[in-house]
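Me: I'd like to go through a structure with you, one question at a time. Could you reason each answer out for me?

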Amino acid sequence: MKFYNTLHRKKEDFQPLEKGKVTLYTCGPTVYDYAHIGNFRAYIFEDLLRRYLEFSEYDVLQVMNITDIDDKTIRRSIEEKMSLEDFTDKYTSSFFEDVETLKIIPAHHYPRATEFIPQMIETIKQLEDKGFTYTTEDGSVFFKISQFSNYGKLANLNPDQLKSGDRVEDDEYGKEEGRDFALWKGYKPQDGEVKWDSPWGEGRPGWHIECSVMSTYYLSNHFDIHCGGVDNIFPHHENEIAQSCAASGEAFVNYWLHNEHLLVEGQKMSKSMGNFYTLRDLLEKGCSPEALRYTLISTHYRSKLNFTFEKVKASQKCINKLRELKRRLKKIENDGEEKSLNSETEDMLSKFSDQLDDDLNISGALGELFIWVNYLFAELDDNKLDCCSANGALLALKKIDTVLGVVDCATLDVDENIQELIKERELARSDKNWAKADEVRGQLDRLGIILDDTPEGTVWKRKID
RNA sequence: GGCGUCGUACCCAAGCGGUAAGGGAGCGGUCUGCAAAACCGUCAUGCACCAGUUCGAAUCUGGUCGACGCCUCCA
């Protein structure tokens, strides 16, 4: 298995620190609003990574942080006249609901920054003792980058050139150099009720320290993989490396994986452009969670993904095709016990994983999958598939879906009213009352349900747009 | 200014020196009460452009054009 490691800007063979086990830290949400489709690209990429590692029989321990303390959560909670806790609880729950909707496998731990203040203070003290910090008049503590010689390695930036820059105007906490970053922020009136006691006075932790502290708390000082969006490479991850290595004196993360961003209809997603979508927005527009999942998963994680409704529609068709295959395979499964993977199926499985072994080359893997799907449909149409092979194929499809997570769907039931309509139409059809049958088809169509009359009876599925 | 990514058919997209995977859309057929699905056939002498290296290049080198990202808290 190979991954593109941002640290060395090349693909590298993946060797976990402990054989058969993977320690994985994935940057999570800042809970100040509903997560948008771009956020989910990152979480879906991380989910693909998690699922594929487990598919490859690694025992994965995954941690995802919940950032519930930063400028945005404080500002918005004050605007909403809510306590920080109530405010962030609301968006944390909505995040978990969305995770479930998208069938993202939950991380083993979701630490919240506010639950780790003592540990963060402890780490800052360690850094202070080792001479990596300085304190300013307002009770803020900064990390002194000039003390850390490896600074800039991940982002491939020259630290000396970070000294000057038009965008460095932020001297609000009185730091010595623009490039230094806050470990602890002294209390300011705009923080409202949000403050904790510390050896440097009241205040709150900086952003970067939370990930350093929470990742190493669960995964130890040195762990395998750390993921996030490309925008996190600098400064967030660069700063994490500096803090963590300076504090522990050990290596921090072996593999840094970053996902590219998402565009919507070719444009950067923004509220002013009117192309800013949360998961809820898209579900309301009729996109199914599986189609969104497929859309987000099916472009390689290091390429920009142009999110379009055309792509969601194409994704839904691919999923329908896989579900149709499953239905037809099940039909000849009959007595069910005997299974064998025929050579085509074995071939597909091995090519599928070969592709994903190459830095999660999902397009290549899906290509292999559909070659096999087409082969199976042709066999099924010719009645050439024995039940042994069909059972084997079903098994393979199930295995593939542990990675994709789009075929099986718990919410594929419709309300009773719709079931009644389908029965009504079945009756009309057996009476050859075609006018009535077509009327019902039209009725269901308006409800977003498509009917397929198959030799085994009528099946239905969700309309694509 | 510094660092970096990308340009393959109508759309998406693999490919990493050996003669263009796969998906969607389209078109023509088979099947069907109608439809859908599925199946069969069709769909790039060419991979932004120009040179070069090579027996051989979408793949390597140089250049040109174009799109984009990061350079202090945005996944």
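Me: How many salt bridges are there between domain 2 and domain 3?
Reply: This is a predicted model, so a side-chain atom pair counts only at pLDDT 80 or more. A salt bridge here needs a side-chain nitrogen of Lys or Arg within 4 Å of a carboxyl oxygen of Asp or Glu. Between domain 2 and domain 3, the count of such pairs is 0.

Me: And how many residue pairs in polar contact are there between domain 2 and domain 3?
Reply: Happy to look at that one too. A polar contact asks for N or O atoms within 3.5 Å. For domain 2 and domain 3, with both residues at pLDDT 80 or more, the count of residue pairs is 0.

Me: What is the make-up of the side of domain 2 that touches domain 3?
Reply: The two domains do touch, with 4 residues of domain 2 in contact with 5 residues of domain 3. On the domain 2 side, the residues divide into no nonpolar, 2 polar and 2 charged.

Me: Which three residues supply 72% of the area that domain 2 buries against domain 3?
Reply: Let's start with the ranges: domain 2 covers 264-404 and domain 3 covers 416-462. Their C-alpha centres lie 27 Å apart, and the area buried between them is about 420 Å², with carbon and sulfur atoms giving 51%. Of what domain 2 buries there, the three residues that supply more than any other three are Asn320, Arg327 and Lys331.

Me: How many salt bridges does the count come to by this rule, and which residue meets Arg280 in one?
Reply: Side chains of opposite charge can pair when their charged atoms come close. By the rule used here, the count comes to 29 salt bridges. In one of them, at 3.0 Å from N to O, the side chain of Arg280 meets that of Asp98.

Me: How far apart in sequence are the parts that Arg280 and Asp98 tie together?
Reply: Arg280 sits in helix H7 (residues 279-284), while Asp98 belongs to helix H3 (residues 84-101). The pair therefore ties together parts whose separation in sequence is 182 residues.

Me: Turning to the RNA, which element gives the largest share of the surface near RNA strand B?
Reply: In total, 54 residues surround RNA strand B, and the closest are Arg179, Gly229, Asn232, Lys317 and Asp438. Sugar and phosphate make up 64% of the strand's atoms that come within 4 Å of the protein. Several elements each supply at least two residues of this surface, including helix H1 (37-55), strand E9 (223-229) and helix H9 (309-331). The largest share, 10 residues, comes from H11.

Me: How many residues of the surface near RNA strand B are charged?
Reply: We can split that surface by residue class. It holds 15 nonpolar and 16 polar residues. The number of charged residues is 23.

Me: What is the distance from a polar side-chain atom of Asn232 to a sugar or linking oxygen of RNA strand B?
Reply: It helps to see a few contacts together. The side chain of Lys72 has an N or O atom 2.7 Å from a phosphate oxygen of RNA strand B. A polar backbone atom of Gly229 is 2.6 Å from a sugar or linking oxygen. For the polar side-chain atom of Asn232, the distance to a sugar or linking oxygen is 2.4 Å.

Me: Is the peptide bond from Phe234 to Pro235 cis or trans?
Reply: Most residues other than glycine have a negative phi, and most peptide bonds are trans. Pro235 is found in helix H6 (residues 233-248). With omega near 5°, the bond from Phe234 to Pro235 is cis.

Me: What is the phi of Glu265 near?
Reply: Glu265 is in the loop between strand E11 (262-264) and strand E12 (267-268). Its phi has a positive value, in a residue other than glycine, and is near 50°.

Technical notes
Residues numbered from 1 in each chain as written. Chains lettered and ligands numbered in written order. Predicted model: local features only at pLDDT ≥ 70, side-chain atom pairs only at ≥ 80, totals over all residues. Heavy atoms only, no water. Near = heavy atom within 4 Å. Polar contact = N/O pair within 3.5 Å; in protein donor to acceptor, adjacent residues only side chain to side chain. Helix = DSSP H or I, 4+ residues; strand = E, 2+ residues; numbered from the N terminus. Nonpolar A, V, L, I, M, F, W, Y, C, P; charged D, E, K, R; others polar. Domains from an automatic or database assignment. Contact = heavy atoms within 4.5 Å. Buried area = accessible area lost by both parts, 1.4 Å probe.
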